[in-house]
Amino acid sequence: MPDCVEKEKITACLPPCLAGISIDVIEETTSTNDVLKQRARRDGLRDFTCLLAKRQTAGRGRQGKGFYSPEGGVYLSVYISSCREAFDFATVTIRAAVAARAAIAAMGTPCGIKWVNDIYVKGRKVCGILCERVDDNGYICGIGINVGGEIPPELEGIAGTLPDSLDRSRLAAEVIGSLHRMAGEPFEQVLAQYRGHSILIGRAVKIIRAGQPDTVAVAEGIGADGGLTVRLADGTCTTLIAGEVSLKI
């Protein structure tokens with residue numbers, strides 16, 4: 001049986017500024033984002049309430065994609081109150097991506113960010129992020145990290161995992177602590193880290209947009225709003241605000 005997250009260990013690894021936050025670890029759920037969203041709308045939640053599951057049966061990613069979530073990974077959702085002036089929905093995904101990358105790197109694994117919000121290690125996705133608005137009350141940041149285990153055949157060459165020997169509880173605490181820091185940072189500083197750890201700049205990418213043919217372009221940079229600037233085959237530049245890009249041409 002793989003090592004799994006444990007509430008007591010996570011709490012012990014958190015920085016003092018997060019002492020007393022609400023952390024709940026459950027054995028199994030459909031999606032930690034869905035459950036925490038329901039709790040927020042029904043009961044209201046304190047800032048930085050955290051829900052973790054040892055496995056998910058219906059984990060979700062961006063654009064309605066599923067997220068493979070077997071036992072052994074780190075799957076958590078964090079509620080962030082809209083009272084935080086430095087944290088708004090336009091920047092939430094970027095802050096979460098920078099936080100997740102920093103947490104994984106702190107555990108000893110070099111990694112980078114693939115626009116918009118995936119964390120990659122050696123050309124494979126090890127972490128996915130889904131951020132959602134909860135009415136006018138706040139936001140849910142869902143972060144799923146693959147740790148150990150086997151990758152199913154359909155995800156071979158696409159997904160990767162962090163070492164099975166990794167302490168999952170410490171990793172979860174690193175993610176929560178890093179997200180808390182990023183929530184309070186000026187966005188310009190967060191964006192600088194987002195740009196600095198991008199794995200796309202200068203590389204050819206395939207732009208994937210629903211209802212449109214795929215397009216090959218070169219990633220030129222990341223704008224002030226987090227959009228990805230690409231140079232098309234005809235030499236013109238455009239900025240992507242949403243959508244998906246792939247390094248597999």
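This report covers the overall build of a protein chain, its helix packing and a few residues with notable backbone or contacts.

## Overall build

The model is predicted. The protein chain has 5 helices and 12 strands. Along its principal axes, the C-alpha trace spans about 55 × 40 × 35 Å. How does the radius of gyration of the protein chain compare with that of a compact globule? For 249 residues, a compact globule would have a value near 18 Å, and the protein chain has 18 Å, so the two agree.

Burial comes next. Of the 249 residues, 51% count as buried. Contacts in the protein chain also reach across the sequence. Among those between residues at least 6 apart, 64% join residues at least 24 apart.

## Helix packing around α3

Two packed helices are described by the angle between their axes and the distance between the axes. Helix α3 covers residues 89-106, and helix α5 covers residues 187-196. Helix α4 covers residues 168-184. The table sets out the geometry of α3 with each partner.

| Helix pair | Axis distance | Axis angle |
|---|---|---|
| α3 and α5 | within 9 Å | roughly 55 degrees |
| α3 and α4 | 8 Å | about 140 degrees |

Take α3 with α5. Which class does an angle of roughly 55 degrees fall into? Angles from 65 to 115 degrees count as roughly perpendicular and those under 35 as roughly parallel. α3 and α5 are therefore oblique to each other. Their crossing is left-handed. On the α3 side, the contact involves Thr-91, Ile-94, Arg-95, Ala-97 and Val-98. These meet Phe-187, Val-190, Leu-191, Gln-193 and Tyr-194 in α5. By class, the contact holds 7 nonpolar, 2 polar and 1 charged residues.

Now α3 with α4. The angle is about 140 degrees. Roughly antiparallel requires over 145 degrees. α3 and α4 are therefore oblique to each other. Here α3 passes α4 in a right-handed crossing. From α3 come Arg-95, Ala-96, Val-98, Ala-99, Ala-102, Ala-103, Ile-104 and Ala-106. From α4 come Arg-170, Leu-171, Glu-174, Val-175, Ser-178, Leu-179, Met-182 and Ala-183. The residues of this contact divide into 12 nonpolar, 1 polar and 3 charged.

Arg-95 and Val-98 of α3 appear in both contacts.

## Backbone details in loops

Which peptide bond is cis? The bond from Trp-115 to Val-116 is, with omega near 15 degrees. Val-116 sits in the loop between β4 (112-114) and β5 (118-121).

Lys-122 is in the loop between β5 and β6 (124-134). Its phi is near 50 degrees, a positive value in a residue other than glycine. Is Lys-122 buried or exposed? Its relative accessibility is 81%, so Lys-122 counts as exposed.

Phe-48 also has a positive phi, near 65 degrees, and is likewise a residue other than glycine. Phe-48 lies in the loop between α2 (32-43) and β2 (49-56). Its relative accessible area is 1%, so Phe-48 is buried. Phe-48 and Asp-118 are 70 residues apart in sequence. Their C-alpha atoms are 22 Å apart in space.

## Two buried residues and their contacts

Tyr-79 lies in strand β3 (residues 74-81). At 5% relative accessibility, Tyr-79 counts as buried. What does Tyr-79 contact, leaving aside its neighbours within four places in sequence? One group of partners is Leu-36, Ala-40, Leu-45, Arg-46, Asp-47, Phe-48 and Thr-49. Asn-137, Gly-138, Tyr-139 and Ile-140 are also in contact with Tyr-79. The partners thus include Phe-48, the loop residue with positive phi. Tyr-79 and Leu-232 are 153 residues apart in sequence, with C-alpha atoms 39 Å apart.

Thr-32 is found in helix α2. Its relative accessible area is 3%, so Thr-32 is buried. Neighbours within four places in sequence aside, Thr-32 is in contact with Leu-51, Leu-52, Ala-53 and Gln-56. Tyr-75, Leu-76 and Ser-77 are further partners of Thr-32. Ser-22 is 10 residues from Thr-32 along the chain, and their C-alpha atoms are separated by 14 Å.

How values were computed
Residues are numbered from 1 along each chain as its sequence is written. This is a predicted model: local features need pLDDT of at least 70, side-chain atom pairs count only at pLDDT 80 or more; totals for chains, interfaces and linings use all residues. Side-chain values use heavy atoms; hydrogens and water are left out. Axes are lines fitted to C-alpha atoms, for helices over the stretch in contact, and angles run from 0 to 180 degrees between N-to-C directions. Helices (H or I, at least four residues) and strands (E, at least two) are DSSP runs, numbered from the N terminus. A crossing is left-handed if the near helix is turned anticlockwise from the far one by less than a right angle, and right-handed if clockwise. Contact means heavy atoms within 4.5 Å. Ala, Val, Leu, Ile, Met, Phe, Trp, Tyr, Cys and Pro count as nonpolar, Asp, Glu, Lys and Arg as charged, and the others, Gly among them, as polar. The radius of gyration is taken over C-alpha atoms; the globule rule is 2.2 Å times the number of residues to the power 0.38. Buried means under 20% relative accessible area, exposed over 50%, partly exposed in between (1.4 Å probe, protein chains only).
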